[in-house]
Amino acid sequence: PESEQTEFDCRNGIESWQQSWSPTKKNWCCAHKGAGCPPGGLNQDAKFNCAEGFSSWQWGWSDDKKKYCCAVEGKGCPEVVTAPSAPQ
């Protein structure tokens, strides 16, 4: 399985973090490095931290967290399995 990045280089792009960083990077860097924090700290409206536990989201996240993170950040989305096409 592909390993997911759980750490970010918070120095890279710091001069334009508001525009260039993803919400996940903003939250991670603010929480772990004190970098790129918006006025007032982390987004208080965020229901879940989608970076936390992402490496084991399939079994480690609640259904609510999966739905939220899939909708908001595109993480933890169920895989869509399609049936193979019938031979013609």
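This briefing describes the disulfides and one serine contact in the structure above. The model is predicted. Two disulfides are found in a search of the whole structure. One joins Cys-10 to Cys-29, and another joins Cys-70 to Cys-77.

**Disulfide Cys-10 to Cys-29**

- The sulfur atoms of Cys-10 and Cys-29 lie 2.0 Å apart.
- This pair connects distant parts of the chain, with the two positions 19 residues apart in numbering: Cys-10 belongs to the segment before helix H1 (17-20), whereas Cys-29 sits in helix H2 (residues 23-33).
- The link of Cys-10 and Cys-29 is left-handed, with -90° about the S-S bond.
- Both Cys-10 and Cys-29 are buried.

**Disulfide Cys-70 to Cys-77**

- The S to S distance between Cys-70 and Cys-77 is 2.0 Å.
- The disulfide of Cys-70 and Cys-77 is right-handed, because the torsion about its S-S bond is about 110°.
- Cys-70 has a relative accessibility of 26%, and because buried requires under 20% and exposed over 50%, Cys-70 counts as partly exposed.
- Cys-77 is likewise partly exposed, at a relative accessible area of 27%.

**Ser-62 and its contact**

- Ser-62 is located in the loop between helix H3 (57-60) and helix H4 (63-73).
- The side chain of Ser-62 reaches the backbone nitrogen of Lys-65 at 3.1 Å.
- With a relative accessible area of 38%, Ser-62 is partly exposed.

Notes. Residues numbered from 1 in each chain as written. Predicted model: local features only at pLDDT ≥ 70, side-chain atom pairs only at ≥ 80, totals over all residues. Heavy atoms only, no water. Disulfide = S-S within 2.5 Å. Helix = DSSP H or I, 4+ residues; strand = E, 2+ residues; numbered from the N terminus. Buried < 20%, exposed > 50% of the residue type's maximum accessible area, 1.4 Å probe, protein only. Polar contact = N/O pair within 3.5 Å; in protein donor to acceptor, adjacent residues only side chain to side chain.
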